[in-house]
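Hi,

Here is the structure I promised to pass on. Have a look at it first, and then read my notes below.

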Amino acid sequence: MLDFVLNLLIFFIITAVFIKELGLMVNRPSGADPTQASGGNSVPVHVLANGEIWIDNRVVDLRAVRANVERMFATNPKSGVLVIADKDAETGLVVQVVDQIHLGGIYNVTFSTTG
Amino acid sequence: MKAKHHEPESGEHGIDLAPMLDFVLNLLIFFIITTSFVKEAGVVVSRPNADTVEYKESGNILIAVRENGDIWMDRRQVDLRDVRTLVERLHVERPEDTAVIVADKAAHAGIVAQVMDEVHLGGIRDVALGAAPATGE
């Protein structure tokens, strides 16, 4: 019985060790020119180093990203989003933008950098 | 042992090794499993929060990027150029593993993108950006 209890103990310790990692799935552009990635069907979202987010040549607020993406998704459900971040942009902001895009319904997000 | 064999009327002598062997084997298995599971990055970064985080199955290779651009992998700081070699080795050991890049909120996106490219070059196509679940705004 002691053997069995010890086995049980070890089993529970092991299952507790199964830490699942949390993350957001993003793609990387395969070609040299990121704007040509995924068949040119991607809507670019620029994230600048100063924290500005540009969609369709307009500065948008982080909270407005979701609405914009939802509109894109409604017009073309197959479109992906290309997040083009400045290389000095903060990762936290990029992750939040990707998060908002996911919330807007588009999971085909490609992450590329410029600058 | 032979000397004891000659002693009369002691039916049980010495320690029964079987349960101890069982236990030691269990312990061995336990340690093998725990060491091979998660390749911890070995550094604490403040993760960005996100609402749409998903659990990564077998997301075992953690690569941390600190706010000053340091890259940590497998409990030590590595150079960007070493990431590819390390990922290649881990990919050969356990081909089903995927990588999670845990970048600090304040880390620069350029370094994260470079690390991602190195991981791709190392043979792992499935890369996620690490994030913490949002804890209410």
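**What I found**

In chain B, Glu88(B) and Arg84(B) form a salt bridge, with their closest N and O atoms 3.5 Å apart (a salt bridge is a side-chain nitrogen of Lys or Arg within 4 Å of a carboxyl oxygen of Asp or Glu). Before going on, note that this is a predicted model, where local features need pLDDT of at least 70 and side-chain atom pairs count only at pLDDT 80 or more, while totals for chains, interfaces and linings use all residues. Residues are numbered from 1 along each chain as its sequence is written, chains are lettered from A and ligands numbered from 1 in the order in which they are written, and side-chain values use heavy atoms, with hydrogens and water left out.

Back to that pair: Glu88(B) and Arg84(B) are about one helical turn from each other because they sit four residues apart in helix H3 (residues 80-93) of chain B. (Helices, H or I with at least four residues, and strands, E with at least two, are DSSP runs numbered from the N terminus.) Glu88(B) is partly exposed at 33% relative accessibility, and Arg84(B) is partly exposed at 36%. For these labels, buried means under 20% relative accessible area, exposed over 50%, and partly exposed in between, with a 1.4 Å probe and protein chains only.

**More salt bridges, in chain A**

How many salt bridges does the structure hold over all chains? There are six. In general, side chains of opposite charge can pair when their charged atoms come close. One of the six joins Glu70(A) and Arg66(A) at 3.4 Å, N to O. Both residues lie in helix H2 of chain A, four residues apart, or about one turn; that helix covers residues 62-75. Glu70(A) is partly exposed at 35% relative accessibility, and Arg66(A) has 35% too.

Arg66(A) also has partners further along the chain: Gln100(A), Leu103(A) and Gly104(A) touch it, leaving out residues up to four places away in sequence (contact means heavy atoms within 4.5 Å). Its C-alpha is 5.7 Å from that of Ile101(A), although the two are 35 residues apart in sequence.

Lys87(A) and Asp88(A) form a salt bridge as well, with 3.9 Å between the closest N and O atoms. Lys87(A) is partly exposed at 37%, as is Asp88(A) at 34%.

**Cores**

Ile101(A) turns up again in the largest nonpolar core, which has 51 residues; Ile101(A), Phe111(A), Ile63(B), Met73(B) and Val119(B) have the most contacts inside it. A second, separate core has six residues, among them Val45(B) and Leu62(B). (A nonpolar core is a set of buried Ala, Val, Leu, Ile, Met, Phe, Trp, Tyr and Cys residues joined through side-chain atoms within 4.5 Å.)

**Chain B as a whole**

Chain B has four helices and eight strands, in the order α-α-β-β-β-β-β-α-β-α-β-β along the sequence. Of its 137 residues, 39% are buried. Among the contacts in chain B with a separation of 6 or more, 70% link residues 24 or more positions apart.

Which residues of H4(B) are buried? They include Val112(B), Val115(B), Met116(B), Val119(B) and His120(B). Gly123(B), with a positive phi near 110 degrees, follows H4(B).

Cheers
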